[in-house]
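Take a moment with the sequence and the model before reading on. The text below walks through a few selected features.

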Amino acid sequence: NLTMIQPLFKNLKADKNTDIIWMLQDPVDENRLGLNRSMITNRQIDQYNKVAIDLLDESQAKVWSSSRLVAQGIRQPAKNIADDGLHISKPALQLDVQILLNMYCNDHMNYNDGTCCRSPEAATTVQIITAAFFLVCFVSAIALFVYKRRLPRNGIKPRTENGNKNGAPKEPYEALYEVTVSLAKLGMIMGYVYLCDRTNFFMKENKYYTHVNFFLPFAYVMILGFFFTESTEQTVVLHRDQTDEWKGWMQLVILIYHLTGASKVLPIYMQIRVLVSSYLFLTGFGHFSFFWKKGEYSLYRCSMVLFRLNFLVIVLCFVMNRPYQFYYFVPLVSYWFLVVYVTMAIWPHVTAASTEAGKVHYFYMVAKFVILITLIALFYMSESVVYGMVFGFVYELAKKYKFIDDSNNENLFSRIFSSFVVFLGLLGLGSYVIFTFLCKNKVECNQFHSYLTIVPIVSFILIRNVPGWLRTKYSSFFAWFGKISLELFISQYHIWLAADTHGVLVLIPSYPVLNVIITSFIFICISHEISKITGALTKHAIPSEWKALLRNFIIFCLILLPVCISHGVLSI
């Protein structure tokens, strides 16, 4: 009979809206069967199911075997089994119905989790074109590599620049080779990214928060970072080693927070908000300090920063078919960089050199701050970046007028006053922690966060920088991660987490600790490689000569804007 109905499946399948599911027969409880059913045995049912699998496995029908496993699993206690011994219990039946509903409904539901019962997204035209582009880059990179390796063997030397005696290849060839190889590497990485989060090749699981799951890796990472404490020759407040360290440990904590789904715990959620605000604070402080000291407002500098911030996200928009705003952090820091850039670049220019020429420039800077803060208040935007700019301005004034001296490894103030300032810093951190436990819900906490976040940030800076011995120490472990913090934050979406951050990627099922170790290693290596690739491509994509820069800008617009708008990469 199964052989006779097999051709009918093919006719039914011709209708694309029809799915044929063959449900294997469930086991029975032979001890509960009545006399008229005593001839039914599980051995006969198994033989029947085996024939069905053999005949239908390669047909248009889907053989549903998990229902049989459900019936076998729910056999104890006895009250869960149907009285007649033939039909499955109510709990097993409910699970079967749920499985069917998942199969039918999940593709049409917007689940924010790592559910596995969902068909992968169909590739769009933009994704296919992007894959073809990376494939061409990969083949070209291999061809250039082979060509480069064969030149010396054939006794042929590449053409050299005039006056170059070392036989180095001409710059255009080297530039082409570097760009092509970098794009080929990026293409392989994007292939892995797509495989992880746009196919069902790897499993995904949901996040499950427990205090142990969050605080155990947090403590381990902190202890490991302290073991790599080193001295630095830099003594200024918030020097590069220190800011890299700050970004590094913040990023690691944020990764643990996302992996464990700790956002449901309000105090932890608010502390993580402080870390994000701290990153924005450093954005304001760092860019303000650069413009204040250098006075360089060229489009080259602006384009360089924006390219490094946005390159990975733009590529992911094409590869993963997600809007630019989906990777919210990069649009956020890009926007605030432009705010800082416009604030400092707009006339009158205020720099350290200009203040030497006239004290009125301090008034100009204060006026810019007042206007900026007023606009932010009117449009209800975050004040964190402005806090960083104002802190940088006050810091420069304090150094100029000798209120502090950070040119050596001594305390910023006298011993007694330094101890008092550190105490105030500890008090500020403790006060914010108490606030996170006292506020009742996220809405209430977020209403006060923008105004209170400056307290823990400045408190941490005081504790970290006032004592000279602490200011000249840093963790190289955290600083290394800080240098790739942006790549870590973006890459986690698809190759460490899964389902667009709503789930967790599973490479090794049933071994959660081993799985986290392996996925973390791959994730960190890829993030580091993407950082190197971005650095290599930036110098070619953003030339210092203004004509070439304008040409590349026009090319980027011609490629990005029409394609993004027409294919939905940008949400409008």
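The tour goes from a sheet to a cavity, then to a helix pair and two backbone details. Keep in mind that this is a predicted model.

Start with the sheet. It is open and has three strands. Their order is 3-7-6, and the pairing is antiparallel. Strand 3, residues 203-206, is an edge strand. Strand 6, residues 497-498, is the other edge. Each of these two pairs on one side only. Now look at the contact between strand 6 and strand 7, where strand 7 covers residues 503-506. Two bridges join these strands, which run antiparallel. One residue pair can be picked out here: leucine 497 has valine 504 in strand 7 as its bridge partner.

Next, look inside. How many cavities of 30 Å³ or more does the structure hold? There are four. Consider the second largest, with a volume of about 80 Å³. Its lining includes Lys247, Met250, Gln251 and Ile254. Leu275, Val276 and Tyr279 also line this cavity, as do Phe329 and Phe489. Which elements give two or more residues to this lining? They are helix 8, residues 240-260, and helix 9, residues 266-294. Helix 8 supplies the largest share, with four residues. By character, the lining of the second largest cavity divides into seven nonpolar residues, one polar and one charged.

Stay with helix 9 and turn to its packing. Two packed helices are described by the angle between their axes and the distance between the axes. Apply that to helix 9 and helix 11, the latter spanning residues 329-345. Their axes come within 10 Å. They cross at roughly 30 degrees. Angles under 35 degrees count as roughly parallel. Helix 9 and helix 11 are therefore roughly parallel to each other. The crossing of helix 9 past helix 11 is right-handed.

Two backbone details finish the tour, and helix 11 helps to place both. Begin with the loop between helix 10, residues 299-320, and helix 11. Asparagine 321 sits in that loop. This residue has a positive phi of about 55 degrees, although it is not a glycine. Then move to the loop between helix 11 and helix 12, residues 352-357. Proline 348 lies there. Is the peptide bond from tryptophan 347 to proline 348 cis or trans? It is cis, with omega near 0 degrees.

How values were computed:
Residues are numbered from 1 along each chain as its sequence is written. This is a predicted model: local features need pLDDT of at least 70, side-chain atom pairs count only at pLDDT 80 or more; totals for chains, interfaces and linings use all residues. Side-chain values use heavy atoms; hydrogens and water are left out. Two strands pair if DSSP finds at least two bridges between them. On a 1 Å grid over the protein atoms alone, a cavity is a set of points where a 1.4 Å probe fits but cannot get out, and a pocket is an open set with protein on both sides within 12 Å along at least five of seven lines; lining residues have an atom within 4 Å of a point. Grid points are joined across faces, edges and corners, and a volume is the space filled by probe spheres set on the points. Ala, Val, Leu, Ile, Met, Phe, Trp, Tyr, Cys and Pro count as nonpolar, Asp, Glu, Lys and Arg as charged, and the others, Gly among them, as polar. Axes are lines fitted to C-alpha atoms, for helices over the stretch in contact, and angles run from 0 to 180 degrees between N-to-C directions. Angles under 35 degrees count as roughly parallel, over 145 as roughly antiparallel, 65 to 115 as roughly perpendicular and the rest as oblique. A crossing is left-handed if the near helix is turned anticlockwise from the far one by less than a right angle, and right-handed if clockwise.
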